Amino acid sequence: IKFYWLDNSMETFIDAETLRPLKYEEKANEKDWRAVDTVLFFPEKLTFTKLRGEKLDKVEKGDAAYTEWPQDELSIVYYVRHLPLEVGKTFTVNSCVDSGLQTAVIKVVKKQPLKTVSGRKEVFQITSTLGDAEFFIGTESTRIPYQFYVKLNIGGMRATLKEYSASPVKE
């Protein structure tokens, strides 16, 4: 089995009131290859910059117009929390993936128990065609996203909520 060294990250900046992403950045730092993809969201269009190569010297820039503000690969988890979730319901969400636009199909599959940082909770199991993802969002009124899983070409990525505070963090 070959193992590859990876140090990749994804980060989204969301408007807290509208749940619209304002910036999405994905960084890949692998054995002998690097990439930084940045998407900025504006009314009616997004702009993207892709940097590639060991020295990030290969540059691609562009934009894409839209009528419905899209969600990125991370912000969609938070956006889905505010939909009227019920088992069996399906939603379509305008999404930005790889600097392009596509429609994500979101389906509320079932309710199930899940072990969480806050104890055992009832959650909605939700699937998304965006990255072939699966979310586990609490059924309570706060709709806490406890866990998500996304399939990747080389396996998968799982995120699990480790800490939750109902009040803002003071610095």
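**Cavities and an open sheet**

Reader: Which residues line the largest cavity?

Author: The largest cavity is bordered by Tyr24, Glu26, Asp37, Val39, Glu73, Cys96, Val97, Asp98 and Ser99. The model under discussion is predicted.

Reader: Which elements give two or more residues to that lining?

Author: Strand S2 (21–30), strand S3 (33–42) and strand S6 (90–97) do so. By class, the lining comprises four nonpolar, one polar and four charged residues, around a space of about 70 Å³.

Reader: How many cavities of 30 Å³ or more are counted?

Author: The count is two. The second largest has a volume of about 60 Å³, and its lining consists of Met10, Glu73, Ile76, Leu130, Gly131, Ala133, Phe135, Phe148, Val150 and Met157. Strand S9 (133–138) and strand S10 (145–152) are the elements that give two or more residues to this lining. Its residues fall into eight nonpolar, one polar and one charged.

Reader: How should one read the pairing of strands in a sheet, parallel or antiparallel?

Author: In general, strands of a sheet pair through backbone hydrogen bonds, in either a parallel or an antiparallel manner. Here, an open sheet of five strands runs in the order S1-S2-S3-S4-S5, and the pairing is antiparallel.

Reader: Why is one side of S1 and of S5 left without a neighbour in the sheet?

Author: Strand S1 (9–14) and strand S5 (58–65) each have a single partner strand, because they stand at the edges. From one strand to the next, the twist averages 10 degrees.

Reader: Over how many bridges do S4 and S5 pair?

Author: Strand S4 (residues 45–52) pairs with S5 over eight bridges, in the antiparallel sense. Lys45, for instance, has Ala65 in S5 as its bridge partner.

Terms used. Residues are numbered from 1 along each chain as its sequence is written. This is a predicted model: local features need pLDDT of at least 70, side-chain atom pairs count only at pLDDT 80 or more; totals for chains, interfaces and linings use all residues. Side-chain values use heavy atoms; hydrogens and water are left out. Two strands pair if DSSP finds at least two bridges between them. Helices (H or I, at least four residues) and strands (E, at least two) are DSSP runs, numbered from the N terminus. Axes are lines fitted to C-alpha atoms, for helices over the stretch in contact, and angles run from 0 to 180 degrees between N-to-C directions. On a 1 Å grid over the protein atoms alone, a cavity is a set of points where a 1.4 Å probe fits but cannot get out, and a pocket is an open set with protein on both sides within 12 Å along at least five of seven lines; lining residues have an atom within 4 Å of a point. Grid points are joined across faces, edges and corners, and a volume is the space filled by probe spheres set on the points. Ala, Val, Leu, Ile, Met, Phe, Trp, Tyr, Cys and Pro count as nonpolar, Asp, Glu, Lys and Arg as charged, and the others, Gly among them, as polar.
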